[in-house]
Structure formats: C-alpha cells, structure tokens
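Here's a walk through a helical model, looking at its rings, its charges and a few of its helices. Have the viewer open as you read.

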Amino acid sequence: MSTILLVIIYISFISLGLPDSILGSAWPMMHLELNVPVSYAGLATMIVAGGTIISSLFSERLIKRFGTGKVTAISVLMTALGLIGTYMVPGFWGICLLGIPLGLGAGAVDSALNNFVALHYEAKHMNWLHCFWGVGATAGPFIMSFWLLRESGWRMGYATIGLIQGILVICLFVTLPLWKKMEKQEENKESEKSNTRISELLEMRGAKPALIAFFCYCGVELTTGLWGSTFLVDTLGLSAEKAAKWVSIYYLGITVGRLLAGFLAIKLNNIKMMRLGQIICLLGVILLGMPFTSYCQLIGLMLIGLGCAPIYPAMLHETPQRFGKEQSQGIMGIQMACAYVGSTFIPPVFGFLAKGMSFKIMPVFLMIFVVLMFICSEMVNRGIKKSNNI
C-alpha cells in the first residue's frame, strides 16, 4: 500500500511541475492572439499566486475534514479543468478567471503531498520527489513548444497538459481507499486532532523564523532564475543566448542536486542537509560577485543551484520533527504560503531596485537573503533543541 501510494505521489510531482512553467513559454504568442500588452503576464501570474497562498493557509482544515487523498484528487481536478478551460477561453480576462482554480488547486495539493511525504516517508524521497517536479517543470515548455510550431498553437499545449492532469485525477480517485487506510493507521497511533488557529501556530517555538527561512529561500531561488540571465548580459556583456545557456546550468544544478541529495539524505539528517546547502549557496553567491573572470559567475550560478537543491526538501521534511505530527499540516500550509509570497514578491522587488541602481547589486541582494535564511534556520534548530531539553 505504501509503495503504491509512493508511485502515485512521484507521478503527481511530475504532473504538478508541468503547468508551472508553460505560461512563460506560451506568452510571446498568447499576448499577441489575446491582443493584450506583454506586461499582462504579471497580472495572470499574481492571480494564480494569490489563489495558491490562500489554499495553502486553509489546507489544514480541508485535509482534516476530507483527507489527503480526496483533497489531492479534487485539487488536481481543479488544475486540470483550469488548463482545459484555458484551451477554450476567448480572451485575457478568461485567463485571469481560470487562474483562480489553478492557484487554489496548486496550493492545496502542494501542502497536502509535502506533509504526507514528511509524515510517512524518508527524507531521500522528499529530495527525489522535488527532483521529479523539476522533470515536469522542464517537460512543460517542451510540450508547449511542440504545439507552438503547429497551427493549433498554445491552446493545444494547455489542453495536452490538462489531459495529462486528468489522467492523474483518475488514478487519484481510484486509489482513494489506500489514502484513507494509510491515514487511518496514522490516526490510530495519535490522539484526536483538533483544528488549531493560525495565530496559535505562529506562537509555537521556532515558527516565525521557520517561516522567514521559507520566504528567503524561495526569494533566492526565483530571483536567481528570473534575473540571472539579465545580470550576466548587463554586467558581463554576454549575448542573451549565451546567458540563457548559463542560467540553464543553474536549473540543472537544482535538478541534479536534488537527485544527489536523496542519496546524501540516507547518511545526513535534515539539519545537516540544510546547513550544507546554505553554505554551498553562500559560496555560489560570493563567486557570482567576483569580478575576476566570467567563469566565476558560471561556477557561482552552478553552486547556487546545487546549494538550493537540498534546502527546500529538507526544511519541508523536518516540519513534523520540529513542530510535532499533530501540528505539522497546519504549519506546512503556512510555510508553503510564505514560500509563495517570497517567490511572488522578492523577484519583482529586486527588479525594481536593479532598474533604479544596477544589476550589479544582485550578489549583495542574494547574500542578504541567504544569510538571513541561515540565521533563521539556526534559530529554529536551537529553539527546538532547547525545547526538547526542557
């Protein structure tokens, strides 16, 4: 039963990664057909992010009432309908409207699956699952580009990924009895759970610095990915094509790093994995700011990607150990919400600052958030250790 569900979860993570990167791939053609400015992509993205944050915050109550399996199945169904609806939508405001179910579905399923894995499976699976998400996020643009070369265009790209999500929905509904059985076994080991208010969760020892760490991590990952190419063009004078290839090495570092982190997690605990990733990430940021040779920036980007790889999965998997199994889903939802807030707002803030100053500030900007993430992570670790010794 555990193995069957793990296979379904691995497939789910690939499927979840598919729609996350397709808007950027399709938008150059979409905005022309929809007759809207190119900047409107930001509005569509913000709507999806808003839905994701809201559903993450309420994921605990939904899962306690309906169970992880049912919440996951319905959430993926919402994303599938949103994607297929995008295929049929006539105008931009329809895209925005469909961004609501896309965001709500993505946030709930992300929180549900991450907490389920943290509770029931080893740390190596958390790393490998997020590596599989990267496979889906990489495959999404390839599927979209396949259709962009044909008359059917971006609409068939959305429809194809929507149908893939639909197949996953069928698998999830078929396996619902297995989800219920596994969760029932867990409930029999624990006392009856009760809903905890968000304000009460925030008062738990270590909760606030943990949330700041998630906020900082996603800000670093997304800022590097979004603005890395522009930084290389602006500061080193590279061509856009060469800069894009260099940034692809950053993403490759994250994907390969998570594959390797899964094996390292067999020997190292989550706290050591976090520290290792943060130190490597810091070294990468330092090299990114070195003016000696362009290869420093290339190695820096690679190290930032490798450093980022184990941090997020380790922080997620450590949640039940930090805050207890009974409160892990509530904390997980808030953590995911803070992560989405960081990924939504920190990259635009950097873009605003760089426009007024210079893109040369990027290494310093990233270092601030990496150091803050490290400090907050250590605050959580010390706080939990002190609490356990009382």
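A quick word on burial to begin with: a residue is called buried when its relative accessible area is under 20%, exposed when it is over 50%, and partly exposed in between (1.4 Å probe, protein chains only). What you're looking at is a predicted model, so local features need pLDDT of at least 70 and side-chain atom pairs count only at pLDDT 80 or more, while totals for chains, interfaces and linings use all residues. Residues are numbered from 1 along each chain as its sequence is written, and side-chain values use heavy atoms, with hydrogens and water left out.

**Aromatic pairs**

A pair of aromatic rings is described by the distance of the centres and the angle of the planes. Here, rings of Phe, Tyr and Trp (its six-membered ring) pair if their centres lie within 6.5 Å; planes under 30 degrees apart count as stacked, over 60 as edge-to-face and the rest as tilted. That rule gives a count of 16 aromatic pairs. One of them joins Tyr10 and Phe132, edge-to-face, with 4.9 Å centre to centre and 75° between the planes. Their rings link distant parts of the chain: Tyr10 sits in helix α1 (residues 2-17) and Phe132 in helix α7 (residues 123-148), 122 residues apart. Helices, by the way, are DSSP runs (H or I, at least four residues), numbered from the N terminus. Tyr10 is buried, at a relative accessible area of 13%, whereas Phe132 is partly exposed at 32%.

Trp128 and Phe263 also pair edge-to-face, with 5.1 Å centre to centre and 65° between the planes. Trp128 belongs to α7 and Phe263 to helix α12 (residues 240-264), so this pair ties together parts 135 residues apart in sequence. Trp128 is buried, with a relative accessible area of 16%, and Phe263 is partly exposed, with 48%.

Elsewhere, one aromatic cluster is formed by Trp227, Phe350, Phe359, Phe365 and Phe369.

**Salt bridges**

Side chains of opposite charge can pair when their charged atoms come close. The rule used here asks for a side-chain nitrogen of Lys or Arg within 4 Å of a carboxyl oxygen of Asp or Glu, and the count comes to six salt bridges. Among them are these:

| Pair | Closest N to O |
|---|---|
| Glu122 and Lys124 | 3.7 Å |
| Lys208 and Glu203 | 3.9 Å |
| Arg258 and Glu221 | 3.9 Å |

How do the partners sit with respect to the surface, and what does the Arg258 pair tie together? Arg258 lies in helix α12 and Glu221 in helix α11 (residues 207-236), so their bridge ties together parts that are 37 residues apart in sequence. Both Arg258 and Glu221 are buried. By contrast, Glu122 is exposed, at 52% relative accessibility. Glu203 is exposed too, with a relative accessible area of 61%, and its partner Lys208 is partly exposed at 47%.

**Two helices**

Helix α13 (residues 270-288) has 19 residues and spans 27 Å from its first C-alpha to its last, close to the 27 Å expected at 1.5 Å a residue; that expected span is 1.5 Å times one less than the number of residues. Its buried residues are Asn270, Met273, Met274, Gly277, Gln278, Cys281, Gly284, Val285 and Leu288. They cover an arc of only 125° around the axis, which puts them on the same side of α13. The arc is taken from the directions from the helix axis to the C-beta atoms. An α-helix has 3.6 residues a turn, so residues three or four places apart point the same way.

Helix α3 (residues 40-57) has 18 residues and reaches 27 Å from first C-alpha to last, close to the expected 26 Å. In α3 the buried residues include Ala41, Ala44, Ala49 and Gly51. Their cover includes α2 (22-34), α4 (59-66), α6 (92-120) and α16 (325-356), where contact means heavy atoms within 4.5 Å.

**Two single residues**

Phe323 lies in helix α15 (residues 319-323) and is buried, at 6% relative accessibility. Leaving aside residues up to four places away in sequence, Phe323 touches Met204, Arg205, Gly206, Ala207, Ala210, Ile331 and Gln335.

Asn35 is found in the loop between α2 and α3. Asn35 has a positive phi of about 60° although it is not a glycine, and it is exposed, with a relative accessible area of 69%.
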